[in-house]
Amino acid sequence: MNQSGGFTRRGWLLFAAMALIWGVPYLFISIAVETYSPPAVVAGRTLIAALLLLPFAIRSGALKAAWKLWPWVLAFGLVEMAGPFLLLGHAEQTLPSGLTGLLVATVPLVAAVIALLGGDRGVLRPARIIGLFVGIVGVGIVVAGPSLFGHGQLDLLAIGEVLLVAVLYAIAPFIVARKLSSVPSLGTITLSLLAIGLLYLPIALVVPSAPPTLESTAALVILGVLCTAVAFLAFFALIREVGPVRAPLFTYVNPVVAIVLGALILAEPLTPGLLIGFPLIILGCWFAGTGGRLRPVAAEAVPTDTSAIAECADPEAEPSAPTQRADAE
């Protein structure tokens, strides 16, 4: 790991890769749910990723270590993958992909509130309180924007689903930090993916889907291979290269990627509410999650392996209170 305080060239390359890889899932989810049901997307994505990671987990012994604590690994998978992946798929049947990616980026706001409820008085620092306020205002502008600026109205149920995803992404790392800190990251992720994939497979087989198209199928495969399996491996490498504190900072770039791709590829509108609320949410999340610092004080650091699991939540996301998560799955 680089201890000099700056990013190495390899660190920047991995950082850029993760900023892109976990910024594109929202685009591919939106395409996949055009023909596949949300349960089918969850089952396909998780099983593809699990099968790709399984050889690495077995060879390293990580899977065996994770199996010893399988109830907590399953709990982590339910909170980090089963719920969020399904909710995102359902929400993106009506919400623009860029807006979904932006709302998921509110994880640090939720994490800061959870930390405060858990007794973390550091959240009360002025910069973090201001960040919470600014971020919440930004969310309000994004949600109310279509009505305020005469662009119709957003699906409030879908918005609620995405915000619930942010809550789940903020909770999951607490399970890791308190119950799975001794389990290798790769083992936790692989076993979780496999369990959730097998759980959703029978549901996917009975829930009706439209006849699959080549475009939707390709999007599903990319979700599993690139946005899940490859993303986890790349993130582990980034953690080793730059450390657990700075690695999650790429999550502030993810919403930019999601919004740009949604506008360019899916012709999603860039509404005034989105343009005004977007910088407020990102700025608010930055200050709420980090207090405006690139490197939190030493007391806030955590062991690399614990952080790696906590941060490997999906596009989809996204750091939480125990790890100062900067985003999430």
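A residue counts as buried when its relative accessible area is under 20%, and that cut-off will come in handy in the views below of this predicted model.

**View 1. The whole chain is built from helices, with no strands at all.** Let's start with the overall picture. The protein chain holds 14 helices and zero strands, so from the N terminus on, every element in the run is an α element. Of its 329 residues, 57% are buried. The chain exposes about 13,100 Å², and carbon and sulfur atoms supply 73% of that area.

**View 2. Arg 10 and Glu 241 join their side chains in a salt bridge.** A search of the whole structure turns up one salt bridge, and here it is: the N to O distance between Arg 10 and Glu 241 is 3.3 Å. Arg 10 belongs to helix 1 (residues 9–21) and Glu 241 to helix 11 (residues 214–242), so the pair ties together parts that lie 231 residues apart in sequence. Are the two partners buried or exposed? Glu 241 has a relative accessible area of 17%, so this residue is buried. Arg 10, at 47% relative accessibility, counts as partly exposed.

**View 3. Helix 5 packs against helix 9.** Take a look at helix 5 (residues 70–91) beside helix 9 (residues 156–179). Their axes are 9 Å apart and meet at an angle of about 165°. Angles over 145 degrees count as roughly antiparallel, and therefore helix 5 and helix 9 are described as roughly antiparallel to each other. The crossing of helix 5 past helix 9 is left-handed.

**View 4. Helix 5 also packs against helix 10.** Here the axes of helix 5 and helix 10 are 8 Å apart, at an angle of about 60°. How are these two helices oriented to each other? With that angle, helix 5 and helix 10 are oblique to each other. Helix 5 passes helix 10 in a right-handed crossing.

**View 5. A nonpolar patch on the surface includes Val 206.** Six names are worth finding in this close-up: Leu 198, Leu 201, Ile 203, Leu 205, Val 206 and Val 207 form the patch. Together these residues have about 540 Å² of accessible area. Val 206 sits in helix 10, which covers residues 185–206. Val 206 has a relative accessible area of 65%, so this residue is exposed.

Methods. Residues numbered from 1 in each chain as written. Predicted model: local features only at pLDDT ≥ 70, side-chain atom pairs only at ≥ 80, totals over all residues. Heavy atoms only, no water. Patch = residues over 30% accessible without salt bridge, like charges linked within 9 Å, V, L, I, M, F, W, Y side chains within 5 Å. Areas by Shrake-Rupley, 256 points an atom, 1.4 Å probe, with all protein chains shown as cover. Salt bridge = Lys/Arg side-chain N within 4 Å of Asp/Glu carboxyl O. Helix = DSSP H or I, 4+ residues; strand = E, 2+ residues; numbered from the N terminus. Buried < 20%, exposed > 50% of the residue type's maximum accessible area, 1.4 Å probe, protein only. Axes fitted to C-alpha atoms, helices over the stretch in contact; angles between N-to-C directions. Parallel < 35°, antiparallel > 145°, perpendicular 65-115°, else oblique. Left-handed = near helix turned anticlockwise from the far one by under 90°.
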